[in-house]
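Colleague: Let us look closely at one part of this model. Please take me through it and its surroundings.

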Amino acid sequence: MHLKTFRTKLRVLLLIGATVLALTGGLLLSWPERAGAAGTAEAAADPVISRGKPATASSTESSSLGAKNAFDGDAATRWASAEGKDPQWIRVDLGSPATVSRVRLTWEAAYAKAYRVEISADGAAWSTLATESAGNGGTDDWTGLSGKGRYLRVYGTARGTSYGYSLFEAEVYGTTDGGPQPGGAFTVVAAGDIAAQCTASDSGCAHPKTAALAQRLNPRFYLTMGDNQYDDARLSDYHAYYDKSWGAFKAKTRPVPGNHETYDPAGSLAGYKSYFGSIAFPQGKSWYSYDEGNWHFIALDSNSFDQAAQIDWLKADLAANGRKCVAAYWHHPLFSSGGHGNDPVSKPVWKILYGAKADLVLNGHDHHYERFAPQDPEGRATADGIVEIVGGMGGAEPYPIEQVQPNSQKRISGPYGVLKLDFTDTGYGWSYVGTDGQVKDTGPTYSCH
């Protein structure tokens, strides 16, 4: 064969080979691909959109191994589930609808042999982005994904070891589709003592009006400070009343229970837990925490302040917190000028929060609005104290002001409304807004300790 003929045929063979490889590569890239630890160069095109976002999990091995550790960008921290139990999951709230192109999972020694990567618009209905049935730990880098949603979770169905599931990092890559993003300034709407047994068909029913106001304010998320459903918080009442008003934004709500949630004939917190599900029990208990921007939020169950488990968890949670600003909320206020008055059940928790330089406490229970100057757990005014706000005007019948407490700066009883709280990376302020849309009170602006 002449050399020229040989070269021509070689070029043809090479072109054919390249074409086959290109076609094969194109077909491969059309499906989700799990790469090794090195990943792929093209997969890095989209930015990480999950770092520092609010995270929850089906369980945690301990308070120091919480879900947020898997999204903090620190390879030395990790999330770990309870040991020896399947299934387990961890999820992240991306803050707004997003298009996800890649998910990179860095497993600790306790890895998942089988799991799904899932995405959801509302945190309730999930679609599968990728499935693993023969995992071997290390790093799983899922590229070529195409999913849309606000929430992403890793759902483990089979452990690779006798322990639990543990992730050093879970990195979600993609692009957000607009809307408010966690970080920097954000707004939260809060209220307690909400759903009386009435609906919008009754002109005197207040909770549909506070719900409509809350939605108009369009916050990052909503807080409830207990007694969400009257009179004994049965699941049937949640569906008949609360769900018809505040239930419209349940997926964006971070609730805590009040004393009325303990009255359920089906069992203490039974209806509350059935209605809210993992929203109210993201860490397996009726108390939990999460981060937003430079803020650490702590949701507590004041019905259980006598339980060492919650107190020990709170101490560990505060010790592990890396955010500058701290806000906590629960039902029973330590200080109140309303009918229930001061409730000493909260004093041990105040001492712990004060020692950790917490900034803000939100409560319900008394059906009025009230704000206090910064004070210590003994009720002494001090610049490094905690600001307390009572916001129990979410819809239940108002209580009168009875005995004005020291350091109480403003009290309003009668008009229903919500707290509109404005947070920045370094401080906060708020207003009390009535259902008529009018601002009834504006509090001072405070810097974080």
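Which residue in E14 stands opposite Tyr-288?

Modeller: It is Ala-299 in E14 that faces Tyr-288. The model is predicted: local features need pLDDT of at least 70, side-chain atom pairs count only at pLDDT 80 or more, and totals for chains, interfaces and linings use all residues. Numbering starts from 1 along each chain as its sequence is written, and side-chain values use heavy atoms, with hydrogens and water left out.

Start with the strands around Ala-299. E13 and E14 run antiparallel and are joined by five bridges. Strands (E, at least two residues) and helices (H or I, at least four) are DSSP runs numbered from the N terminus. Two residues lie between E13 and E14 in their hairpin. There Gly-293 takes a positive phi near 55°. On to the next neighbour. E14 (residues 295-299) runs parallel to E15 (residues 325-329), again with five bridges. Here Ala-299 stands opposite Tyr-329 in E15.

Now the burial of E14. Five of its five residues are buried (under 20% relative accessible area with a 1.4 Å probe, protein chains only). In a regular strand, side chains alternate between the two faces of the sheet. On one side of E14 sit Trp-295, Phe-297 and Ala-299. His-296 and Ile-298 sit on the other. Both faces are covered.

Step back to the sheet. It is open, with seven strands in the order E13-E14-E15-E16-E18-E17-E19 and mixed pairing (two strands pair if DSSP finds at least two bridges). E13 and E19 (408-412) are the edge strands, each pairing on one side only. Neighbouring strands are turned by 15° on average, direction ignored. Helix H5 packs on this sheet and touches E13, E14 and E15 (heavy atoms within 4.5 Å). H5 makes about 175° with the direction of E14 (lines fitted to C-alpha atoms, for helices over the stretch in contact; angles from 0 to 180 degrees between N-to-C directions).

H5 and E13 also lead to the largest pocket. Its volume is about 310 Å³. A pocket is an open set of points on a 1 Å grid over the protein atoms alone, with protein on both sides within 12 Å along at least five of seven lines; lining residues have an atom within 4 Å of a point. Of the 23 lining residues, Thr-60, Ser-63, Gly-66, Gln-283 and Trp-313 are closest to the centre. Strand E13 (288-292) and helix H5 (308-320) are the elements that give two or more residues to the lining. H5 gives the most, with four.

E13 takes part in a cavity too. The largest cavity (grid points where a 1.4 Å probe fits but cannot get out) has a volume of about 160 Å³. Volumes are the space filled by probe spheres set on points joined across faces, edges and corners. Fifteen residues line this cavity, with Thr-56, Arg-91, Arg-254, Ile-279 and Pro-282 nearest its centre. E13 gives the most to this lining, with three residues.

Terms used:
Buried < 20%, exposed > 50% of the residue type's maximum accessible area, 1.4 Å probe, protein only.
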